[in-house]
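Trainee: Could you take me through the salt bridges in this structure, one pair at a time? I would also like to hear about the ligand site and the overall build of the first chain.

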Amino acid sequence: MLRLISVAVLLVTWWIASLLVGGAKLPPPPAVLAAIVTEAKSGALFLNLGATLARVTLSFALAMTLGTAIGYWMGRVRLADRLGDPWLILLLNLPALVVIVLAYIWAGLTEVAAIAAIAINKLPTAVVTLREGTRALDPALDEMATVFAFPRGKAFRHVVLPQLAPYVAAAARSGLALIWKIVLVAELLGRSNGVGFEIGVAFQLFDIPLLLAYSLSFAAVVLVIETALVQPFEVRVSRWRSRAA
Amino acid sequence: MQLEAVITGKAYRNAAGEQHDVLDKVELSLRSGEVGVLFGPSGCGKSTLLRILSGLDRDYQGHVSRPSQARIGMVFQEPRLLPWRSVEDNIRLAAPGVDEAKLSALFDVLELSAHRSHFPSELSLGLARRVALARALAVEPDFLILDEPLASLDDALAARLRQQIATLIEGRTMLTLLVTHNLDDAVRLGDRLFLLSARPARLLRTHSIDRPRSARSEADIRAIRTDLARLDLPNR
Ligand SMILES: Nc1ncnc2c1ncn2[C@@H]1O[C@H](COP(=O)(O)OP(=O)(O)O)[C@@H](O)[C@H]1O
Ligand SMILES: [Mg+2]
């Protein structure tokens, strides 16, 4: 209920502001809605949202898989940690824009370059989080698994993974937030479809209703995915904790 | 099956590189069917010794021989259950071969039947210990290791668990090694007592109790305790 009121206040504020500054600079809500409907009818909205979502999914999966594996390895093996650390610091401090531009220069304006660039931006934080999680693994439980001769796979699945799960969830959450932002930049700079590309087009044409139409649709998709996928996952992995009380 | 250990030293090194001796000279041997008791003051190195004997710690001076295929069931000083698995799953994960009959029998003896589907965080320390004990026995061990299984339980609970341990040990021929710093528990459960000095632990003497556990009367137990007390162990 409170949320609804809050959204209504936002809409009203927007409307009043558009009356004050003039519809050319800030179109009123109905104009943006009309732009959304037009794009939806032509199918372009869904095509572009789909292209962006596909890029997000692929780069997210890539970064999470690699990040978890590398983070686990660096957390377990001293040598790997010492060798990997300088790379990690470099990647952490490299601006996203630099990675994207370099990827396009080296690999061309291709899908692979875009997805790789997005994944590389997310990778170091996933590695750091998972390394942290691996370092926090309880050695007492490792010993238990050793004494009772758990096979490797079983020990990983039943002893290690449940301890890492909260860290995986944290990395997923922060990583997704990062990817939502970066994917648009990558599309703006080097792709010919996707939400970022359309926003670039709207910017060049000064078509503000179109710009807002894509921005808001995208934000809505992000919101739905966060609440429908990410939050339930977080609850699920820490379910056994809630029974502690 | 037989356990032979000749340990001549074990030290931990701290971050500053200083050596911290935990074990001195400890020699012990134990045969299948026997219950050995490591008895010594708190902090003398008993848990450290168990980690060496179980093969968890290979960084020591000396030699331990134990059949390599020996199945080990261990009750650590803390229960070390997986918090995200139920009591039953904790046991089945460690002992995939355990059948329902065996499991029920264990739960019966240890009075755990009502707690099968509980999670470790829902258990008291006494219950968690019993689950750890059930897990160790469910693997049908050749070598059972119990690290202070009766510590920090109130007297009545400790006595009951001691009785349960005695029953379970009687039910299977295996090598059992138990750690305690309670002389009464040592005398009631053990066949061979290994008396250890304060840290760094040195084997002071070995004391065999010939009378079978079940035949030991209160008078026998008192007599053995008096005998051992005369050795004035704490001051050696
Ligand atoms: N991993 C470790 N690193 C450094 N010192 C340790 C470690 N584990 C145990 N110690 C030290 O070794 C000594 C013996 O410990 P422990 O074997 O647990 O004693 P006990 O089981 O007889 O009470 C203690 O002084 C303890 O502080
Ligand atoms: Mg101990």
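Mentor: Happily; here is a walk through the salt bridges, followed by the ligand site and then chain A.

Please keep in mind that this is a predicted model. Over all chains, the structure holds 33 salt bridges, and I will pick out three of them.

Let us begin inside chain A. Asp81(A) pairs with Arg135(A) in a salt bridge whose closest N and O atoms are 2.8 Å apart. Asp81(A) belongs to helix H4 (residues 78-93) of chain A and Arg135(A) to helix H6 (residues 111-135) of chain A, so this pair ties together parts that lie 54 residues apart in sequence. As for their surroundings, Asp81(A) has 15% relative accessibility and therefore counts as buried, while Arg135(A), at 48%, counts as partly exposed.

The next pair crosses between chains. Arg51(B) forms a salt bridge with Glu143(A), with 2.5 Å between the closest N and O atoms. Arg51(B) sits in helix H1 (residues 46-53) of chain B and Glu143(A) in helix H7 (residues 139-147) of chain A, so the pair joins two chains. The cut-off for burial is 20% relative accessible area. Glu143(A) falls under it, because its relative accessibility is 16%, and counts as buried; Arg51(B), at 21%, counts as partly exposed.

Now to a pair within chain B. Asp184(B) and Arg225(B) form a salt bridge in which the closest N and O atoms are 3.1 Å apart. This pair links distant parts of the chain, with Asp184(B) in helix H6 (residues 183-189) of chain B and Arg225(B) in helix H7 (residues 218-229) of chain B, 41 residues apart. Asp184(B) counts as buried at 15% relative accessibility, and Arg225(B) as partly exposed at 35%. Returning to the pair between the chains, Glu143(A) and Arg51(B) are also part of one network with Lys10(B), Asp57(B), Glu78(B) and Arg80(B), joined by salt bridges that share partners.

Helix H1 of chain B comes up again at the ligand. The shell around ligand 1 takes its largest share, three residues, from H1(B). Strand S2 (19-23) of chain B, like H1, supplies at least two residues of this shell. Among the residues that surround ligand 1 are His20(B), Val22(B), Lys46(B), Ser47(B) and Arg199(B). By class, the shell has three nonpolar, six polar and two charged residues.

Several atom pairs are worth finding on your screen. The side chain of Thr48(B) has an N or O atom 2.6 Å from an oxygen atom of ligand 1. Cys44(B) takes part through its backbone, with an N or O atom 3.2 Å from an oxygen atom of the ligand. Tyr12(B) places a polar side-chain atom 3.4 Å from a nitrogen atom of ligand 1. On its own, ligand 1 has 570 Å² of accessible area, and the protein covers 61% of that.

Finally, let us step back to chain A. Chain A contains eleven helices and zero strands. Its C-alpha trace spans about 70 × 50 × 30 Å along the principal axes. Of its 245 residues, 38% count as buried. Among contacts in chain A with a separation of 6 or more, 74% come from residues 24 or more positions apart. Chain A exposes about 13700 Å², with carbon and sulfur atoms supplying 73% of that area.

Definitions and conventions:
Residues are numbered from 1 along each chain as its sequence is written. Chains are lettered from A and ligands numbered from 1 in the order in which they are written. This is a predicted model: local features need pLDDT of at least 70, side-chain atom pairs count only at pLDDT 80 or more; totals for chains, interfaces and linings use all residues. Side-chain values use heavy atoms; hydrogens and water are left out. A salt bridge is a side-chain nitrogen of Lys or Arg within 4 Å of a carboxyl oxygen of Asp or Glu. Helices (H or I, at least four residues) and strands (E, at least two) are DSSP runs, numbered from the N terminus. Buried means under 20% relative accessible area, exposed over 50%, partly exposed in between (1.4 Å probe, protein chains only). A residue is near a molecule or strand if one of its heavy atoms lies within 4 Å of it. A polar contact is a pair of N or O atoms within 3.5 Å; within protein, one must be able to donate a hydrogen and the other to accept it, and residues adjacent in sequence count only if both atoms are side-chain atoms. Accessible areas come from the Shrake-Rupley method with a 1.4 Å probe; for residues, only the protein chains shown count as cover. Ala, Val, Leu, Ile, Met, Phe, Trp, Tyr, Cys and Pro count as nonpolar, Asp, Glu, Lys and Arg as charged, and the others, Gly among them, as polar. Contact means heavy atoms within 4.5 Å.
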